[in-house]
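I opened a fresh page for this one and kept my notes short. Come along and look over my shoulder.

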Amino acid sequence: MSLFDKKPAAGKQDAAEAANAVTVSPSGYDLRPISDSLKQTRAEGLTAEERRVLLEHGTERAFCGHFNDNKKDGVYACRLCGLPLFRSTAKFDSGTGWPSFFEPFDASHVRNISDYSYGMIRTEIRCRRCDGHLGHVFNDGPKPSGQRYCLNSVSMAFFDNGQPIPQHVDAA
Ligand SMILES: [Zn+2]
């Protein structure tokens, strides 16, 4: 029997299944994954560079992102599906050239994935609902969270406070 034959303890498995079954986030948004066809439809208006970042996990060049210097009050949502990702109140100037935030709009809206590309160990962040690539999160952010969410501008759409954020989900 190898390590891989081991079944997880029943309690753990139940907890994992329960987590997967969550379809509405604490802040009230639909977290069910969107279909590939909807994702393709949503990606049709993107440039080749934007597709490379969002769908193929690329990184845009520093200081080129249009949201790096955005100081307006509002919400940054997923470019593809509209899931709210960050509030302007969590934005800070990290000096990195990429828009940076110390905490997400709702922790359940972003998925962390270990990224071993380019000889580095980093944590990639993706949209929980459409799996679009957002950027990376690092542990050198400001207190109290200590987190630095480093975002690609093209992965997000900005909405002023009070402005409705269209949700792009599959029809029920
Ligand atoms: Zn999304």
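**The sheet of three**

I began with a small group of strands: in this predicted model, S2, S1 and S9 form an open sheet of 3 strands in the order S2-S1-S9, with antiparallel pairing. I looked up its edges next. S2 and strand S9 (156–160) stand there, and each has a single partner strand, so one side of each is left without a neighbour in the sheet. I also noted the turn between neighbouring strands of this sheet, which is 30° on average, direction ignored.

Then I checked how S1 and S2 pair. I found 3 bridges between S1 and S2, in the antiparallel sense. One pair I wrote down is Ala-77 with Pro-84, its bridge partner in S2.

**Stepping back**

I wanted the overall plan before going on. How many helices and strands does the chain have? I listed 3 helices and 9 strands. Along the sequence the pattern reads α-α-α-β-β-β-β-β-β-β-β-β.

I looked up burial too: of the 172 residues of the chain, 29% count as buried. For contacts with a separation of 6 or more, I noted that 60% join residues 24 or more positions apart.

I also checked the confidence of the model. The mean pLDDT of the chain is 88, and 88% of the residues reach 70 or more. I put a pencil mark beside residues 5–10, where pLDDT stays under 50. For that stretch the model has 1 contact beyond four places in sequence.

**The sheet of six**

My next entry is another open sheet, with 6 strands in the order S3-S4-S8-S7-S6-S5 and antiparallel pairing. Which strands stand at its edges? They are S3 and strand S5 (110–115), each with a single partner strand, so one side of each has no neighbour in the sheet.

I walked through the pairings, starting from the S5 side.

- S5 and S6 pair in the antiparallel sense over 6 bridges. Here Val-110 stands opposite Cys-127 in S6.
- The hairpin of S5 and S6 has 6 residues between the strands, and in it Tyr-118 takes a positive phi near 60°.
- S6 and S7 pair in the antiparallel sense over 4 bridges. Ile-125 has Gly-135 as its bridge partner in S7.
- The hairpin of S6 and S7 has 5 residues between the strands, and there Asp-131 takes a positive phi near 70°.
- Strand S7 (residues 133–138) and S8 pair in the antiparallel sense over 4 bridges. I noted Gly-135 with its partner Leu-151 in S8, and Val-137 opposite Tyr-149 in S8.
- Strand S4 (residues 100–101) and S8 run antiparallel and are joined by 2 bridges. Ser-100 stands opposite Cys-150 in S8.

**A closer look at S8**

S8 kept coming up in my list, and I looked at its faces. As a reminder to myself, side chains in a regular strand alternate between the two faces of the sheet. Are the residues on the two faces of S8 (residues 148–151) buried or exposed? I found Arg-148 and Cys-150 on one side and Tyr-149 and Leu-151 on the other, all buried, and both faces are covered.

**Phe-92**

I then went to strand S3 (residues 91–92), where Phe-92 has its place. Why does Phe-92 count as partly exposed? I counted 13 C-beta neighbours inside 10 Å, which puts Phe-92 in that class, because a residue is buried at 20 or more and exposed at 12 or fewer.

Leaving aside neighbours within four places in sequence, Phe-92 is in contact with Ser-100, Phe-102 and Pro-142. I also looked up Gly-141, which is 49 residues from Phe-92 along the chain; their C-alpha atoms are separated by 9.3 Å.

**The nonpolar core**

My last search was for the largest nonpolar core, which has 28 residues. Which of them touch the most other members? I wrote down Cys-78, Leu-85 and Cys-127. Helix H3 (48–56), strand S1 (74–78), strand S2 (84–87), strand S6 (122–127), S7 and S8 each supply at least two residues of this core. S1 gives the most, with 4 residues.

I ended at Cys-127. Not counting residues up to four places away in sequence, Cys-127 touches Cys-78, Leu-80, Cys-81, Leu-83, Val-110, Gly-132 and Leu-134. Val-110 was already in my notes, as the residue opposite Cys-127.

Methods:
Residues are numbered from 1 along each chain as its sequence is written. This is a predicted model: local features need pLDDT of at least 70, side-chain atom pairs count only at pLDDT 80 or more; totals for chains, interfaces and linings use all residues. Two residues are in contact if their C-beta atoms, placed from the backbone, lie within 7 Å. Two strands pair if DSSP finds at least two bridges between them. pLDDT is the predictor's confidence in each residue, from 0 to 100. A nonpolar core is a set of buried Ala, Val, Leu, Ile, Met, Phe, Trp, Tyr and Cys residues joined through C-beta atoms within 7 Å. Axes are lines fitted to C-alpha atoms, for helices over the stretch in contact, and angles run from 0 to 180 degrees between N-to-C directions.
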